[in-house]
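Reader: I am new to this structure and would like to learn how to read it feature by feature. Could you take me through it slowly?

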Amino acid sequence: MKRIVVGKVAEIPEGGRKIIVPFRGRAGIGIFNVKGAFYALRNICPHKRGPLCTGEVAGRSSTTAPPSVTEGFVDYEREGEIIRCPWHAWQFDIATGQCLADPDLRVKTYPVIVDGEDLIVDVDVSDFIPEENYHE
Ligand code: FES
């Protein structure tokens, strides 16, 4: 893991994101501000490798009604906490990387450190920096 300054706190307002895909990098990352907390996700969907971090950020709908019921109450919750992959619409919790539909599936997450005005991410260098540019 390597600590990299990925930007300034002011660059990513609440509800915003910054996606960094380095030239010839393998994946890149997305940094999200969810209600004032920062999270970073690998920019590759674990389903079919879509650019997950470019997807829509929203909430999720849920109901306790059985599938056979055509009318019922639907709750909308967790606005701004869920990202939907642009390829096949699978949903992931931005804070944990957990796939909502499959408990065995998770997108890789990285710790985000706020250091004064700087945002620092602990990244796996192979996801972020082209291999020929890093040295251990
Ligand atoms: S590639 Fe993301 S849902 Fe299929």
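**Reading the strands, the core and the chain**

Author: Let us begin with one pair of strands: β2 and β3 are joined by 4 bridges and run antiparallel, where strands are DSSP runs of E with at least two residues, helices are runs of H or I with at least four, and both are numbered from the N terminus. Two strands are said to pair if DSSP finds at least two bridges between them. Within this pairing, Ile19 has Gly30 of β3 as its bridge partner.

Reader: Before we go on, what kind of model is this, and how are its residues numbered?

Author: This is a predicted model, in which local features need pLDDT of at least 70 and side-chain atom pairs count only at pLDDT 80 or more, while totals for chains, interfaces and linings use all residues. Residues are numbered from 1 along each chain as its sequence is written.

Reader: How many helices and strands does the protein chain have, and in which pattern do they follow one another?

Author: The protein chain has 10 strands and 1 helix, and along the sequence the pattern reads β-β-β-β-β-β-β-β-β-β-α.

Reader: Which strands make up the open sheet that contains β2 and β3?

Author: That open sheet has 4 strands in the order β2-β3-β4-β8, with antiparallel pairing. Its edge strands, β2 (17-20) and β8 (109-110), each pair on one side only. Another open sheet is formed by 3 strands in the order β5-β6-β7, again with antiparallel pairing, and here the edge strands are β5 (56-62) and β7 (91-93). In this sheet β6 and β7 are joined by 3 bridges, and Arg84 has Gln91 of β7 as its bridge partner.

Reader: How should I read burial, and which residues have the most contacts inside the largest nonpolar core?

Author: A residue is buried if 20 or more other C-beta atoms lie within 10 Å of its own, exposed if 12 or fewer do, and partly exposed in between, with C-beta atoms placed from the backbone. By this count, 25% of the 136 residues of the protein chain are buried. A nonpolar core is a set of buried Ala, Val, Leu, Ile, Met, Phe, Trp, Tyr and Cys residues joined through C-beta atoms within 7 Å. The largest one here has 24 residues, and those with the most contacts inside it are Leu41, Leu52, Ile94 and Val121. At least two core residues come from each of β3, β4, β6 and β10 (118-123), and β3 gives the largest share, 4 residues.

Reader: What does Leu52 touch?

Author: Two residues are in contact if their C-beta atoms, placed from the backbone, lie within 7 Å. Not counting residues up to four places away in sequence, Leu52 touches several residues, among them Leu41, Ile83, Phe92 and Val107.

Reader: Where is Asp122, and how far in space is Asp122 from Met1?

Author: Asp122 is in strand β10, and its C-alpha lies 6.0 Å from that of Met1, although the two are 121 residues apart in sequence. Asp122 counts as partly exposed because 13 other C-beta atoms lie within 10 Å.

Reader: What is the phi of Lys35, and why does Lys35 count as exposed?

Author: Most residues other than glycine have a negative phi. Lys35, however, has a positive phi of about 55°, and this residue is found in the loop between β3 (29-34) and β4 (37-42). Lys35 counts as exposed because it has 10 C-beta neighbours inside 10 Å.
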